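Got your viewer open and a selection tool ready? Let's take a walk through this one, stop by stop.

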Amino acid sequence: MQDADRGMKPQDGRGARRAADARAGQASKPATGVAQAAASATAAAATPAVTATEARRTFASRRRMVAATAWMLLLVLALAGATFAWFSNSRYTNVTPVAHTVSEEGSDLLIGASAAGPFDTTCTLSAADKTLYPVSTADLQNFWRATFQNAAGITTDYASCTAQAGDYMLTGTFYLKGSASPLSVYLYQSQMNVTSDAQLLAALRIGFIVQSSAGTQTYIFACDDLGNTAVATQRRTTAQDGVVVSGVGAWAYATDPARAISAYTMDGSGDAPRTRAGAQPLFTLAANEVATVQYFVYMEGCDANCITEAQSKNITLQFAFAGAKA
């Protein structure tokens, strides 16, 4: 029994140590598990915080992108509206512009490029190969150009371009000389030409400022009588119909002063003009008088026909006047 007891004591000692180690190991396991769980919980708590920050940043970035996209879309719409009218250019002339005169038998209406002569029945005008840009005027003295159109293509603001008017249109001066007796001066529609394009023809205006012994007379003519403009496209680009831009310093709308060529012309063909019933003369030349005529050929930007379809067309300019005994 003693041997047995003695034999058991070492075993019991080792067993005690093993048991103690086992107990220590078992006691340590829950601590490790708690620490791991706590670490996992900390990591789990930290991860959503970073994700929220990134989400906020991403949302803000997307919001800025959406705002930028909306602005770009608005800008594109505004630019698209601006193409309705007052476009960047039309087209330049490719034929030397001329003017000529015809007279009733026994009368001589002559034309020249200088007040001192020489005078003949034909005169070469000075403006050629010129780009036209839409402008607006009520008096051939003050010219305006569009500076802003809204998304609907309606012009809402204008700026004066009077000082640069020669850059926007065909303009120049010629002289008409009468004969030994007074002459009434008319247009001669059958010999006049500005373009063969219906859209441009409907948008164009011809203007004359005549200075003679009778004073100064100003005329602005629509060109519809010089061709068939029924096929021309129309699109209103002003807040009001039938208006042009007027004013000095500040702009305002005024009624379009354009007249019909047919109301100031003589009939006939070739060198044989004849009186048209009801037609009015432009002015009357005294015997041997020389009158100064300043001319303007321009695109009336407020005209409903002065839209994109009138762009990039050719102009072939020819004026014609007829004289009849006053």
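A note on the labels: strands here are DSSP runs of E with at least two residues, helices are runs of H or I with at least four, and both are numbered from the N terminus. This is a predicted model, where local features need pLDDT of at least 70 and side-chain atom pairs count only at pLDDT 80 or more, while totals for chains, interfaces and linings use all residues. Residues are numbered from 1 along each chain as its sequence is written, and side-chain values use heavy atoms, with hydrogens and water left out.

**Stop one: a cis peptide.** Select Gly117 and Pro118: the peptide bond joining them is cis, with omega about 5 degrees. Pro118 sits in the loop between strand S2 (110-112) and S3.

**Stop two: the sheet.** Now colour five strands in the order S3-S1-S17-S7-S15; they make an open sheet with mixed pairing. Two strands count as paired if DSSP finds at least two bridges between them. At the edges you'll find S3 (122-124) and S15 (283-285), each pairing on one side only. Zoom in on S7 (residues 183-187) and S17 (residues 318-325): they run antiparallel and are joined by five bridges. To pick out one bridge, click Tyr186, whose partner in S17 is Ala322.

**Stop three: two positive phi values.** Which residue in the loop between S15 and strand S16 (290-299) should you click? Go for Asn288, which has a positive phi of about 60 degrees although it is not a glycine. Next, move to the loop between S16 and S17 and select Ser312; its phi is near 60 degrees, also positive in a non-glycine residue. Asn288 is partly exposed at 48% relative accessible area, and Ser312 is partly exposed at 46%. (Buried means under 20%, exposed over 50%, and partly exposed in between, using a 1.4 Å probe and protein chains only.)

**Stop four: the aromatics.** Show the rings of Phe, Tyr and Trp (its six-membered ring): they pair if their centres lie within 6.5 Å, and planes under 30 degrees apart are stacked, over 60 edge-to-face, the rest tilted. The structure holds 16 such pairs. Try Phe143 and Phe296: their centres are 6.0 Å apart and their planes at 35 degrees, so the pair is tilted. These two are 153 residues apart in the chain. Phe143 is buried at 2% relative accessibility, and Phe296 is buried at 5%.

Then select Phe174 and Tyr295, with centres 5.9 Å apart and planes at 25 degrees, so this pair is stacked. Phe174 belongs to strand S6 (residues 170-177) and Tyr295 to strand S16. Finish by adding their company: both belong to one aromatic cluster whose members include Phe208, Tyr219 and Phe321.
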